[in-house]
Amino acid sequence: MAAPITVYHYPFSPYGRRITWYLALRGIPYSECEQPAWMPRPDLKMIGVEYRRIPVVAIGRDIYLDTRLQLPKLESLDVPQARLGGTTPEQRAFERLLSAYVNDRGMFGATALLLPEDLPMMNDPNFLKDRDDFFASPNYKWDAQSRKEQRPASLRKLADMFILLEGTLLADSRTWILDTPQPSLADIEAVWLLNFILEIPGTLPEAQFSAKTYPQVFAWIDRFRAALDKAKAKNSPRSLSGAQAAAEITRAAWNEATGAVDTHDFEVAALGLAKGDMVTVGPTDFGSSCRDAGALVSVSSQEVVIEAEAGQSTVRIHAPRQQFSIEKP
């Protein structure tokens with residue numbers, strides 16, 4: 001039996017939806033601890049987490065950061081519900097490529113630059129201050145003037161994705177990306193960002209982004225929304241307060257056995273790391289101002305795991321290697 005799952009997120013987080021959609025479509029029960037849209041998030045500190053991005057997923061006492069790691073971990077769970085991932089090497093490659101295309105090509109950054117200036121949150125000083133910290137990077141500017149100047153290039157980037165889907169993966173009028181009977185992990189990887197931007201009126205010019213221009217893409221998104229609504233009606237999460245979530249997580253069993261530190265890993269060798277060393281881990285792109293500290297448990301090509309204090313207990317925090325760094329304090 002799988003350890004209990006708790007998702008820390010807020011309802012309109014597009015990344016949070018990647019996780020809650022997966023759980024709904026696969027039919028896996030879970031609990032949620034709703035978070036504010038901006039810092040601080042004291043609920044996460046109660047489980048020993050400094051990381052500032054949403055979502056955070058706990059499976060037992062193991063805490064997983066970043067959806068690029070969270071989704072594979074959920075997909076690997078040995079539960080009765082059928083997995084959503086591809087069953088052939090080609091299908092799994094499509095999933096990986098779609099994830100990389102949307103997550104690693106600056107698509108979210110481009111989308112954030114398109115948010116209409118008249119949205120309530122775009123006029124909330126707390127939100128704007130928080131996002132200034134979140135997006136702080138010499139390679140990315142998010143102030144009002146930069147948003148205006150970069151809008152044409154951002155629209156071009158979004159149009160490229162619509163064109164790709166319309167002209168290739170959906171060109172034969174298939175129902176789902178991998179031509180499966182039901183929506184798969186590949187559909188989630190491709191749809192989450194487009195759905196987010198289309199839900200916000202005034203974000204995309206209708207003359208260039210509509211069901212008339214991209215009929216296959218818009219029909220596919222409509223099908224996905226309908227399938228998701230049906231799945232969510234059968235799998236409502238249990239709502240927990242921060243104190244309730246922390247109590248359950250810190251008393252739970254571990255989800256995974258401990259691994260080893262790969263001594264041949266490039267970063268491990270360069271830093272001279274060994275199991276038990278105190279290190280920090282954190283993202284190198286957005287939200288890099290907050291890092292988690294703890295004793296090194298394991299390092300592999302896919303993840304780094306540290307053990308951190310959480311009140312009177314400890315948790316193991318798992319971070320992906322991609323766009324995350326390990327540092328000695």
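Q: Buried means under 20% relative accessible area, exposed means over 50%, and partly exposed is in between (1.4 Å probe, protein chains only). With that in mind, what makes strand E8 largely enclosed by the rest of the structure?
A: Just count its residues: 6 of the 8 residues in strand E8 (residues 303-310) are buried, so the rest of the structure largely encloses this strand. Keep in mind that this is a predicted model, where local features need pLDDT of at least 70, side-chain atom pairs count only at pLDDT 80 or more, and totals for chains, interfaces and linings use all residues. Numbering starts from 1 along each chain as its sequence is written, and side-chain values use heavy atoms, with hydrogens and water left out.

Q: What makes something a helix or a strand here?
A: Both are DSSP runs numbered from the N terminus: helices are H or I with at least four residues, and strands are E with at least two. By that rule, the chain has 11 helices and 10 strands.

Q: How do you know that E8 pairs with E9, and in which sense?
A: Two strands pair if DSSP finds at least two bridges between them. E8 and strand E9 (residues 313-320) have 8 bridges, in the antiparallel sense. Val 305 has His 318 in E9 as its bridge partner, and Glu 309 has Thr 314 there. The hairpin of E8 and E9 has 2 residues between the strands, and Gly 311 takes a positive phi near 65° in it.

Q: What about E7 and E8: over how many bridges do they pair?
A: Strand E7 (residues 292-299) and E8 pair over 4 bridges, again antiparallel, which meets the rule of at least two. Leu 296 is matched with Ile 306 in E8, and the two strands form a hairpin with 3 residues between them.

Q: Why do E5 and E10 stand at the edges of the sheet?
A: The 10 strands form an open sheet with mixed pairing, in the order E5-E2-E1-E3-E4-E9-E8-E7-E6-E10. Strand E5 (238-239) and strand E10 (324-327) each have a single partner strand, so one side of each has no neighbour in the sheet.

Q: How do you know whether Ser 325 is buried or exposed?
A: Ser 325 lies in strand E10. Its relative accessibility is 13%, and the cut-off is under 20%, so Ser 325 counts as buried. A contact means heavy atoms within 4.5 Å. Leaving aside residues up to four places away in sequence, Ser 325 touches Glu 267, Thr 280, Val 281, Gly 282, Thr 284 and Arg 291. From Ser 325 to Glu 267 is 58 residues in sequence, and 8.6 Å from C-alpha to C-alpha.

Q: Which of the words buried, exposed and partly exposed fits Gln 323?
A: Partly exposed, because its relative accessible area is 28%, in between the two cut-offs. Gln 323 sits in the loop between E9 and E10, and its phi is near 60°, a positive value in a residue other than glycine.

Q: Why does Asp 66 count as buried?
A: Its relative accessibility is 6%, which falls under the 20% limit. Asp 66 is in the loop between strand E4 (62-65) and helix H3 (67-75), and it has a positive phi of about 75° without being a glycine.

Q: How do you know that the chain agrees with a compact globule?
A: Compare two values of the radius of gyration, which is taken over C-alpha atoms; the globule rule is 2.2 Å times the number of residues to the power 0.38. For 329 residues, a compact globule would come out near 20 Å, and the chain has 20 Å, so they agree. The C-alpha atoms fill a box of roughly 55 × 50 × 40 Å along the principal axes, and 54% of the residues count as buried.

Q: Where is the cis peptide bond that involves Met 39?
A: It runs from Met 39 to Pro 40, with omega near 5°. Pro 40 lies in the loop between strand E2 (31-34) and helix H2 (42-45).
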